[in-house]
Amino acid sequence: MIKYSQYRKVCLGRDYLTKHYAGHFDLDEVANYACMSKYHFCRVFSEVYGESPYHYISKMRIEQAKRLLVTSKLSINDICEAVGYTSVGSFSFLFRKKTGMSPTQYRSKLWALVKDPLTYPVQSVPLCYAHHLFGEKIDKSNIE
């Protein structure tokens, strides 16, 4: 059982990671911000969120990269740097591991689904949210 004070501290650390995901990842810095030792921070973070701080920031970076791939014309190298990676090879490997396709394939596939470039395709929005966002004009036949 986690104490409320520990929970508040780990939430501070998570908020810090969310805000600074594109910067250099330094666990000592995050733990200091949360007023915890880095080992205790990792333990409590993993217990609360079900993943390590490293996996959390990696997930944040990949999600932002996915958004940029769909909504911008930035090069893969520029997107890699914008989300906090220094190596395009490492970024591409991790992106493929998480999504099942390379950044270029991901961009091509999602751009092929839209009529207006640089917008999210309806197919990438879960149906429950699509109804909320776009109203009743969306049905399964429009998505498939």
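Which helix does His-40 lie in? Select it and see: His-40 lies in helix α3. Helices are DSSP runs of H or I, at least four residues long, numbered from the N terminus.

Before moving on, note what is on screen. This is a predicted model, in which local features need pLDDT of at least 70, side-chain atom pairs count only at pLDDT 80 or more, and totals for chains, interfaces and linings use all residues. Residues are numbered from 1 along each chain as its sequence is written, and side-chain values use heavy atoms, with hydrogens and water left out.

**Stop 1: His-40 and the α1/α3 pair**

Stay on His-40. It counts as partly exposed because its relative accessibility is 23%. The cut-offs are these: buried is under 20% relative accessible area, exposed is over 50%, and partly exposed is in between, with a 1.4 Å probe and protein chains only. Now add Val-10. The two residues are 30 apart in sequence, yet 9.7 Å apart in space, C-alpha to C-alpha.

Next, show α1 (residues 4-19) and α3 (residues 38-49). Their axes are 10 Å apart and the angle is about 90 degrees. α1 is therefore roughly perpendicular to α3. Axes here are lines fitted to C-alpha atoms, for helices over the stretch in contact, and angles run from 0 to 180 degrees between N-to-C directions. Under 35 degrees counts as roughly parallel, over 145 as roughly antiparallel, 65 to 115 as roughly perpendicular, and the rest as oblique.

Color the contact, meaning heavy atoms within 4.5 Å. From α1, pick Gln-6, Tyr-7, Val-10, Cys-11, Gly-13, Arg-14 and Leu-17. From α3, pick His-40, Phe-41, Val-44, Phe-45, Val-48 and Tyr-49. By class, this contact has nine nonpolar, three polar and one charged residues. Ala, Val, Leu, Ile, Met, Phe, Trp, Tyr, Cys and Pro count as nonpolar, Asp, Glu, Lys and Arg as charged, and the others, Gly among them, as polar.

**Stop 2: Arg-61**

Jump to Arg-61, in helix α4. Is Arg-61 buried or exposed? Arg-61 counts as buried, at 8% relative accessibility. Leaving out residues up to four places away in sequence, Arg-61 touches Tyr-21, Ala-22, Gly-23, Phe-25, Val-83, Gly-84 and Tyr-85. Then select Ile-79. Its C-alpha atom is 9.9 Å from that of Arg-61, and the two are 18 residues apart along the chain.

**Stop 3: the two sides of α7**

Select α7, residues 103-112. Pro-103, Tyr-106, Arg-107 and Leu-110 are buried here. They cover an arc of only 95 degrees around the axis, which puts them on the same side of α7. That arc is taken from the directions from the helix axis to the C-beta atoms. Rotate to the other side: Lys-109 and Ala-112 are exposed.

What do the buried residues of α7 pack against? Show α4 (53-71), α5 (76-82) and α6 (88-99).

**Stop 4: partners of α7**

Take α4 with α7. Their axes come within 9 Å and cross at roughly 50 degrees. The two helices are therefore oblique to each other. Lys-66, Leu-68, Leu-69 and Val-70 of α4 meet Pro-103, Tyr-106, Arg-107, Leu-110 and Trp-111 of α7. The tally is seven nonpolar, no polar and two charged residues.

Finish with α6 and α7. The angle is about 55 degrees and the axes are 9 Å apart. This pair is therefore oblique. Select Phe-91, Ser-92, Phe-95 and Arg-96 of α6, with Pro-103, Gln-105 and Tyr-106 of α7, to see the contact. Its residues divide into four nonpolar, two polar and one charged.
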